[in-house]
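Open the model in your viewer and keep the selection tool at hand. This tour moves from stop to stop, saying what to select and what is there.

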Amino acid sequence: MRKNESVCPHCGVILDPPPKQSRKCPDCREKIILRTDPNTKDKVLLTEASVIEFDEEKKHIMGRRKILRLLWFEKDSELSYEKAESKLAEKFGSKPSPSDVYWSIANRKAAGLARNPEGRGTEYRNAQAAGMIYHQMALHLHDEGKSKARVQQVQRQGLRWLLINSQIMFAEFESGGDVSISSDVCCDTCLTSHKKQVGDLDELCANWESLPVPQEGCEFDYCNCSLRAMPNHNKKSTYVLKPKKSSSSKVASAAAAQEAGCLTSLVTLATLLFGLACLLVVVL
Ligand SMILES: [Zn+2]
Ligand SMILES: [Zn+2]
C-alpha cells in the first residue's frame with residue numbers, strides 16, 4: 001500500500017532506527033501509528049487521519065481472502081468473486097462487502113445445485129454439495145453475529161439437503177431410511193434432550209422445516225448436533241429417482257449403493273467435523 005516505512009508521515013523526517021511501535025515523532029512530536037501491510041507484510045507509518053482508511057482497506061483485503069477460501073465449490077473462485085462483486089456494486093451503487101459477495105455466490109450456487117439434486121456439478125453429488133454449502137453459510141452468519149434463529153434456519157436447509165442426499169443413495173436400491181440425532185460433540189442440554197431415533201427419512205425430508213436439529217434449546221449459538229440416516233430395507237423408498245441413461249447393471253449398482261448408504265452417516269459426521277473446524281478457526 002505505502003512505502004518509505006521509516007519516514008514520519010507528518011514532517012517527513014527520516015526515523016533511524018525505524019520505530020517498532022506506534023509513538024510520537026522525535027522531530028515534530030506528532031503521533032505516528034504503526035501498521036502492517038496485509039499484502040507485503042511491510043511496516044507502514046501512518047497519521048491518525050490516514051489510519052482509518054488504511055484499516056478499512058485492510059479489513060476488506062482480509063475479508064476477501066477469507067471469502068475466497070470459502071468458495072471451494074467454484075471452478076475459479078477469484079473470477080466468480082470479481083464477477084459477483086461488480087454485479088453487486090452496480091446494484092448497490094457502492095463497493096459491496098466481502099460478506100455480501102460471498103452470500104450472493106453461495107446462495108445462488110446452493111439453490112442451483114438443489115434444483116438438480118442427483119447431478120454432479122462439483123466433486124460431490126449436488127444434494128450433498130448444497131447441504132455442505134448451506135452449513136457453511138450458516139456458520140458464516142454465525143461469524144457475522146446474526147441471530148440464532150437466522151443461523152438455525154440456514155443450518156436446517158443444510159441438514160435437509162444432506163438428508164435428501166441419503167434419500168437419493170438409498171432410493172438407488174429402493175430402500176427407505178431411519179434418522180437419528182447425534183449430539184456427541186454438542187452441549188449437555190442437547191446430549192440429555194435428544195431422542196436417539198427421530199423418525200422416517202422420507203417423512204423428515206417432506207417436513208424439513210420442523211427438523212429436530214439444530215436443537216432450539218442448544219446452549220451454543222451454533223448447534224453441533226447432526227442427523228444420521230441409515231438405510232432400512234423393510235421400508236420402501238418414496239423418493240422418485242430420475243431415469244438413468246442405462247439400467248443394465250442394476251444388481252451391481254445396488255450393491256454399490258448399499259455400500260454408499262452405510263457411508264452416509266460418515267458423510268454427515270464429516271460435514272459436522274468440517275463445521276466444527278470452521279468454528280475453531282473462527283474462535284482462534
Ligand atoms: Zn515528524
Ligand atoms: Zn447443543
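Start with strands 4, 5 and 6. In this predicted model they form an open, antiparallel sheet in the order 5-4-6. Strands here are DSSP runs of E with at least two residues, helices are runs of H or I with at least four, and both are numbered from the N terminus. Two strands count as paired if DSSP finds at least two bridges between them.

Select 197-200, then 226-236. These are strand 5 and strand 6, the edges of the sheet; each has a single partner strand, so one side of each is left without a neighbour in the sheet. From one strand to the next, the twist averages 25 degrees. (Axes are lines fitted to C-alpha atoms, for helices over the stretch in contact; angles run from 0 to 180 degrees between N-to-C directions.)

Now add 175-182, which is strand 4; eight bridges join strand 4 to strand 6 in the antiparallel sense. Pick out Ile 181: its bridge partner in strand 6 is Leu 227.

Next, select 148-171. This is helix 5, lying across strand 4 and strand 6 and running at about 145 degrees to strand 4.

Stay there for the core. What touches Leu 163? Leaving out residues up to four places away in sequence, Leu 163 touches Val 179, Leu 201, Leu 204, Cys 205, Leu 227 and Ala 229. Contact means that C-beta atoms, placed from the backbone, lie within 7 Å.

Leu 163 belongs to the largest nonpolar core, which has 48 residues; Ala 130, Ile 133, Tyr 134 and Leu 163 touch the most other members. Helix 3 (98-115), helix 4 (126-143), helix 5, strand 4, helix 7 (201-206) and strand 6 each give two or more residues to this core. Helix 5 gives the most, with 11 residues. Such a core is a set of buried Ala, Val, Leu, Ile, Met, Phe, Trp, Tyr and Cys residues joined through C-beta atoms within 7 Å. Buried means 20 or more other C-beta atoms within 10 Å of a residue's own; exposed means 12 or fewer, partly exposed lies in between, and C-beta atoms are placed from the backbone.

A second, separate core has five residues, among them Cys 8, Ile 32, Leu 45 and Leu 46.

Go to the other sheet. Strands 1, 2 and 3 form an open antiparallel sheet in the order 1-2-3. Strand 1 (23-24) and strand 3 (43-46) are its edges, each with a single partner strand, so one side of each has no neighbour in the sheet. Strand 2 (residues 31-36) pairs with strand 3 over four bridges. Find Thr 36; Lys 43 in strand 3 stands opposite. Then select 48-70: helix 1 packs on this sheet, touching strand 2 and strand 3, at about 20 degrees to strand 2.

Move along to Gly 93. Just after helix 2, Gly 93 takes a positive phi of about 80 degrees.

Finally, colour by pLDDT, the predictor's confidence in each residue from 0 to 100. The chain averages 86, and 83% of the residues score at least 70. Helix 3 has the highest mean of the elements (97), helix 8 (residues 250-283) the lowest (51). Over 278-284 the pLDDT is below 50. Where pLDDT is low, predicted coordinates should not be read in detail.

Residues are numbered from 1 along each chain as its sequence is written, while chains are lettered from A and ligands numbered from 1 in the order in which they are written. In this predicted model, local features need pLDDT of at least 70, side-chain atom pairs count only at pLDDT 80 or more, and totals for chains, interfaces and linings use all residues.

Key: Contact = placed C-beta atoms within 7 Å.
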